[in-house]
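Trainee: I would like to test some labels against their definitions. Where shall we start?

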Amino acid sequence: MRRVRRSPGALVRGYRARRAQPTIELVHQPHPWTRALGLVAVVLLGAWLGLLIVGNVRAPVGPMNTTMTLRPSVEGGTKINVSPLGALELRSHVAPVRLDVNVDQLDPARAQALVDHPERISGLQDEIASDVQHGTTDLALRSCVAVVSGATALGLAVYRRPRRALAAGGLALALLTAAGGTAFATWNPNSVLEPKFSGLLSSAPSVVGNARSIVTEFDVYQKELARLVTNVTKLYDVTSTLPAYAPDPSTIRVLHVSDIHLNPASWKIIASLVEQYDINVIVDSGDTMDHGTAAENGFLDPIANLGAPYVWVRGNHDSMITQSYLEDMKNVHVLDEGRSVSVAGLRFAGMGDPQYTPDRSKNPGQLPSEELAGARLASALRDQETAGKPADVAVAHNPDAARQADGEVPLVLAGHLHHSEMEVMKYGTRLRIEGSTGGSGLRAVEGKYPDPIEASVLYLDRDTRRLQAWDEIKLGGLGLTTAEVSRHLPKENQPGATPSPSPASSAP
């Protein structure tokens, strides 16, 4: 009976005890491999972001100022960029990281010291080796900090757990250590004997000889290296002693190029000049191609990534196929039949070359046809001025056509002759004839001496849109190592000169 009387209370206590027990729910747990792959992805992304943000070191190497960077890579190796001359690649190691060395600039003082004291060149190799060692040591330490910090920060942002974030940082450090150990184990000091050159540096072996000949003929190499350093130093000497014209930020900078003739190195040079001179617009006065066939059109694709608008007229080696291809390209303005366009604060008008001579022939009626094309350009310029939209710059490929615009426009640009000229014509128009920015292409090897690579930077006042100064840039052709920059001022801009009347007002 006592058990019967106590049974209701026991039942209540048992029910309450069962309610107090935790409820077990079935929750899907991720597979360990999935979690591991997710962690690796977070580590790799965080490490890459860390290297991208802070993983570089500025270090002097001999007479040069460089920036060293570690980058993820499948093949590894070392890449040395020497803008605008090109790059060289070394199979220095096999690892998932690549060493990028960007040569930012030549230090004039250290370079001049080598020129003044050639005996120091014999110790230059040891000096460079020491500089590279210090630079790579600093880069390794900075990269460790960048990789660990990036992976840890991203791990904390993704998982929101300090333990997971620390695990991500530790894994990043382990991966970087493994990559460094692999690079050290596969280090190939003989990779400097077989570098891969690109750009203008492709001619470097013919300039100073390959690495094996340097070992056996070190005296010759010393002289050639001294000559190379001397020429590059002259470039800095010239730019540091230019005439006293300092373009203000509002000045319009025009890069004039011409007669590229399918030289792929020209695009790298143009892109470098656009960046260095802060170019507003590029003007190409024709003969970009050599035969004008559709198969050559792919050569034009880098124009879209040069960093500035591109104004173009047809040359006698450019076909209508070439012109149609460029007309469909973004950021390119094709001028023909006197058509005008406003770009970067200037109004350009141009005329394509009436000749088409892909076989490099000369037609009997060349001069009359060029003069007729120039007359149509001049007529279009007069019509535009009457309509209240006068052109600031006219563009034609052949100087014979460009001369017909005398008196109708302040400045006319041309090419075709493969050498540069500047003249003021009878009625006040200034004619600028550009040299070959492609070094005459394949024809550079036909003559006794290769043609230089030439371009000009024109400085125009934004208010008056008149030429204030121009820089002539000349690089040595195939196998040469010269580089020259010279600044010129129009007579009316020189100290004590009076402004000349406008070409339009002096026209008959």
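Mentor: With pairing: two strands pair if DSSP finds at least two bridges between them. Strands here are DSSP runs of E with at least two residues, helices are runs of H or I with at least four, and both are numbered from the N terminus. The model is predicted, so local features need pLDDT of at least 70, side-chain atom pairs count only at pLDDT 80 or more, and totals for chains, interfaces and linings use all residues. Residues are numbered from 1 along each chain as its sequence is written, and side-chain values use heavy atoms, leaving out hydrogens and water.

Trainee: What makes strand 12 and strand 13 a pair?

Mentor: 4 bridges join strand 12 to strand 13 (residues 393-396). The rule asks for at least two, so the pair qualifies. The two strands run parallel. Phe348 of strand 12 has Val393 of strand 13 as its bridge partner.

Trainee: How do you know that strand 11 pairs with strand 12?

Mentor: Strand 11 (residues 340-343) also shares 4 bridges with strand 12, in the antiparallel sense. Ser340 is bridged to Ala349. This hairpin has 2 residues between its strands, and Ala344 there takes a positive phi near 55 degrees.

Trainee: Why is strand 12 called largely enclosed?

Mentor: Because 6 of its 6 residues, 346-351, are buried. Buried means under 20% relative accessible area, exposed over 50%, and partly exposed in between (1.4 Å probe, protein chains only). Leu346, Phe348 and Gly350 point one way, while Arg347, Ala349 and Met351 point the other way, and all are buried.

Trainee: How does strand 1 distribute its buried side chains?

Mentor: They alternate along strand 1 (residues 56-61). Val57, Ala59 and Val61 point to one face and are buried. Asn56, Arg58 and Pro60 point to the other and are not. Strand 1 pairs with strand 2 (residues 64-72) in the antiparallel sense over 6 bridges. Pro60 has Asn65 as its bridge partner. In the hairpin, Gly62 takes a positive phi near 60 degrees.

Trainee: What makes Trp267 and Phe299 a tilted pair?

Mentor: Their ring centres are 5.2 Å apart and their planes 40 degrees. Rings of Phe, Tyr and Trp (its six-membered ring) pair if their centres lie within 6.5 Å; planes under 30 degrees apart are stacked, over 60 edge-to-face, the rest tilted. Hence the label: the distance passes and the angle falls between the limits. Trp267 is in helix 9 and Phe299 in the loop between strand 8 (281-284) and strand 9 (310-312), so the pair ties together parts 32 residues apart in sequence. Trp267, at 6% relative accessibility, is buried. Phe299 is buried too, at 15%. Ring pairs link Trp267, Phe299 and Tyr310 into a cluster.

Trainee: What does Tyr310 touch?

Mentor: Contact means heavy atoms within 4.5 Å. Not counting residues up to four places away in sequence, Tyr310 touches several residues, among them Val257, Trp267, Ile282 and Ile303. Tyr310 is also one of the residues with the most contacts inside the largest nonpolar core, which has 32 residues. Such a core is a set of buried Ala, Val, Leu, Ile, Met, Phe, Trp, Tyr and Cys residues joined through side-chain atoms within 4.5 Å. Helix 9 gives this core its largest share, 5 residues.

Trainee: How do you know that Arg164 sits over a ring?

Mentor: The charged end of Arg164 is 4.9 Å from the ring centre of Tyr159. The test wants NZ of Lys or CZ of Arg within 6 Å of the centre and within 35 degrees of the ring normal. Arg164 meets it.

Trainee: Why is His261 called buried?

Mentor: The relative accessible area of His261 is 2%, so the residue is buried. His261 lies in the loop between strand 7 (252-257) and helix 9 (265-276).

Trainee: What makes His261 and His418 a polar contact?

Mentor: Their side chains meet at 3.3 Å. The definition asks for N or O atoms within 3.5 Å; within protein, one must be able to donate a hydrogen and the other to accept it, and residues adjacent in sequence count only if both atoms are side-chain atoms.

Trainee: Why is Arg465 called partly exposed?

Mentor: Arg465 has 32% relative accessibility, so it counts as partly exposed. Arg465 lies in the loop between strand 17 and strand 18. Its side chain reaches the backbone oxygen of Asp463 at 3.5 Å.
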